[in-house]
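Me: Could you take a close look at one part of this model for me, with the cut-offs behind each term spelled out? I would like one connected account rather than a list.

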Amino acid sequence: MTEELLRLLHVIGATVLFGTGAGIAFFMVMAHRTGDPKLIAHVAGTVVIADTIFTATAAILQPVTGYLLAQSIGWSLQEGWIALSLLLYVLTGVFWLPVVWIQIRLRNLARTAAAAGLPLPAAYQRLYCIWFACGFPAFFAVLGIIWLMLNKPSITLF
């Protein structure tokens, strides 16, 4: 693959990760604010699908295109800004993986409440708070990665 194609694929991957993450967060928060189990179940179901199709695919391809791009250009993975990007990528994953499981649980709890005509249970509220809190470090880590990719600052880590 040419450097230009790898760069394009890498930027598209970053855009998909950031955009899908921000969109998912927005729609989940807006659905949650209604307190309507049926609406929340529907939105959370869509969010789980979007995370599977878009976020997971981009999350797998992003390190592959990044590695190939670095090799193509001749950058070492130990270059400070690349190493820090990789650390932030792992941090993002540490917060994103539980969020995926939580979204599935939120969807299921909302479906159960909607089917029974009941309000959302306390377990839903607790999980939503954890989901919401996990979003911040992941969001800012991705912003940091994008900043590092664009600016390539001279950073000494090793």
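Reply: What follows is a close look at helix 1 and its surroundings.

This is a predicted model, in which local features need pLDDT of at least 70 and side-chain atom pairs count only at pLDDT 80 or more, while totals for chains, interfaces and linings use all residues. Residues are numbered from 1 along each chain as its sequence is written, and side-chain values use heavy atoms, with hydrogens and water left out.

Helix 1 covers residues 3-34, where helices (H or I, at least four residues) are DSSP runs numbered from the N terminus. The structure holds one salt bridge, a term for a side-chain nitrogen of Lys or Arg within 4 Å of a carboxyl oxygen of Asp or Glu. The partners are Arg-7 and Glu-3, whose side chains meet at 2.6 Å, N to O. Because Arg-7 and Glu-3 are four residues apart in helix 1, about one helical turn separates them. Arg-7 is partly exposed at 34% relative accessibility, and Glu-3 is likewise partly exposed, at 27%; the scale calls a residue buried under 20% relative accessible area, exposed over 50% and partly exposed in between (1.4 Å probe, protein chains only).

Leu-17, also placed in helix 1, is buried, with a relative accessible area of 16%. Although Leu-17 and Thr-55 are 38 residues apart in sequence, their C-alpha atoms are 5.5 Å apart in space. Leaving aside neighbours within four places in sequence, Leu-17 is in contact (heavy atoms within 4.5 Å) with Thr-55, Ala-58, Ala-59, Gln-62 and Tyr-89.

Helix 1 also packs with helix 4 (residues 122-151), at an angle of about 155 degrees and with the axes 11 Å apart; axes are lines fitted to C-alpha atoms over the stretch in contact, and angles run from 0 to 180 degrees between N-to-C directions. Helix 1 and helix 4 are therefore roughly antiparallel, the word for angles over 145 degrees. Their crossing is left-handed, meaning that the near helix is turned anticlockwise from the far one by less than a right angle. Among the residues that meet are His-10, Phe-18 and Met-28 in helix 1, and Tyr-128, Trp-131 and Ile-146 in helix 4. By class, the residues of this contact divide into 15 nonpolar, three polar and no charged, with Ala, Val, Leu, Ile, Met, Phe, Trp, Tyr, Cys and Pro counted as nonpolar, Asp, Glu, Lys and Arg as charged, and the others, Gly among them, as polar.

Key:
Helix = DSSP H or I, 4+ residues; strand = E, 2+ residues; numbered from the N terminus. Parallel < 35°, antiparallel > 145°, perpendicular 65-115°, else oblique.
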